[in-house]
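Work through the exercises below with the sequence and the structure in view. Try each task before reading its solution.

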Amino acid sequence: MLKLEISNSFLESLKKAESLFDIEKKYYKDPPKKGEENYILGLRGGTMILMAGSFESFLKNLFSFYIDKLNKRVPAVSFYNLGGKIRNVSLFQGLELAKSGEKYKDYSADKTNDVRAFDVLNICKKIVNGELSANVFCETGDNPNSYRVKKMFENFGVPNLFDSIRADFEKKIRHPVPDIFIKDKLDEIIRKRHNVAHKADALNISRKDIKEYFIFLKALSKVLEKRIQKRFSEIIKSK
């Protein structure tokens with residue numbers, strides 16, 4: 001079995017959020033004393049921001065790592081044997097991304113479109129060399145909810161993601177869950193993160209919620225990496 005390198009790194013990253021949560025548990029009662037409510041809300045809001053940010057980075061690192069492994073593998077996996085979905089996503093969305101410009105790349109000084117032109121050329125070189133465009137598969141849209149995660153895995157040739165990982169997820173947390181539990185819980189976390197980031201609203205985040213979210217994301221990261229490893233192995237065998 002392959003080592004779960006990216007999810008293990010995620011657990012390290014998640015410790016920043018856990019540190020904030022530890023401060024709350026150590027210095028404040030639940031429910032808080034009068035006059036301490038804002039300290040609690042600030043700590044919980046910060047915990048949610050770091051937690052969701054760590055998960056989004058995990059997703060990007062996960063796809064970047066395994067796409068890079070495919071591109072560098074010897075013997076190489078034929079670009080033409082990858083299957084229509086993964087090949088066409090890399091081809092067409094890669095070209096589109098290069099033409100439209102990467103989201104956080106500064107094009108303000110690119111008056112003649114030279115930078116963007118070189119981005120297109122680099123994508124074309126990848127296509128000629130039979131390499132996948134990692135940037136396409138790593139795109140989260142700053143919103144790593146269930147729809148986006150499902151779409152990322154579909155682009156990599158994994159249909160019905162949440163159904164396919166449910167059994168492994170239940171083993172991780174050691175109890176059964178409803179069909180839509182994973183999808184709904186992830187959306188709940190991202191929605192609360194958005195409320196903090198865009199509305200400064202942490203009123204509906206309890207200490208119990210945060211404890212559950214940590215357990216959930218740790219288990220989810222493991223099963224997501226296990227699923228992408230399975231897909232990676234399928235691709236290798238299809239060469």
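**Exercise 1: two lysines**

Lys192 is found in helix H8, where helices (H or I, at least four residues) are DSSP runs numbered from the N terminus. The model is predicted, so local features need pLDDT of at least 70 and side-chain atom pairs count only at pLDDT 80 or more, while totals for chains, interfaces and linings use all residues. Residues are numbered from 1 along each chain as its sequence is written, and side-chain values use heavy atoms, with hydrogens and water left out.

Task: state whether Lys192 is buried or exposed, and list what Lys192 touches.

Solution. Step one is the cut-off: buried means under 20% relative accessible area, exposed over 50%, and partly exposed in between (1.4 Å probe, protein chains only). Lys192 has a relative accessible area of 13%, so Lys192 is buried. Step two is contact, meaning heavy atoms within 4.5 Å. Not counting residues up to four places away in sequence, Lys192 touches Met48, Asn204, Ile205, Asp209 and Tyr213.

Lys185 is handled in turn. Lys185 has its place in helix H8. Its relative accessibility is 13%, and therefore Lys185 counts as buried. With neighbours within four places in sequence left aside, Lys185 is in contact with Glu212, Tyr213 and Phe216.

**Exercise 2: aromatic pairs**

Task: classify the pair Phe10 and Phe58, then the pair Phe181 and Phe216.

Solution. Rings of Phe, Tyr and Trp (its six-membered ring) pair if their centres lie within 6.5 Å; planes under 30 degrees apart count as stacked, over 60 as edge-to-face and the rest as tilted. The whole structure holds 13 aromatic pairs. For Phe10 and Phe58, the ring centres are 5.3 Å apart and the planes stand at 45°, so this pair is tilted. Phe10 belongs to helix H1 and Phe58 to helix H2, so the pair ties together parts 48 residues apart in sequence. Phe10 counts as buried at 2% relative accessibility, and Phe58 counts as buried at 2% as well.

For Phe181 and Phe216, the centres are 6.1 Å apart with planes at 75°, so this pair is edge-to-face. Phe181 lies in helix H8 and Phe216 in helix H9, so parts 35 residues apart in sequence are tied together. Phe181 is partly exposed, with a relative accessible area of 25%, whereas Phe216 is buried at 3%.

One aromatic cluster is formed by Phe63, Phe137, Phe153 and Phe156.

**Exercise 3: the largest nonpolar core**

Task: find which residues have the most contacts inside the largest nonpolar core, and which element gives the most to this core.

Solution. A nonpolar core is a set of buried Ala, Val, Leu, Ile, Met, Phe, Trp, Tyr and Cys residues joined through side-chain atoms within 4.5 Å. The largest one has 56 residues, and Met51, Phe55, Leu220 and Leu224 have the most contacts inside it. Elements giving two or more residues to this core include helix H2 (37-72), helix H8 (181-199) and helix H9 (207-237). H9 gives the most, with 13 residues.

Leu220 can be followed further. Apart from residues up to four places away in sequence, Leu220 touches Phe55, Ile165, Phe169, Ile182 and Leu186.
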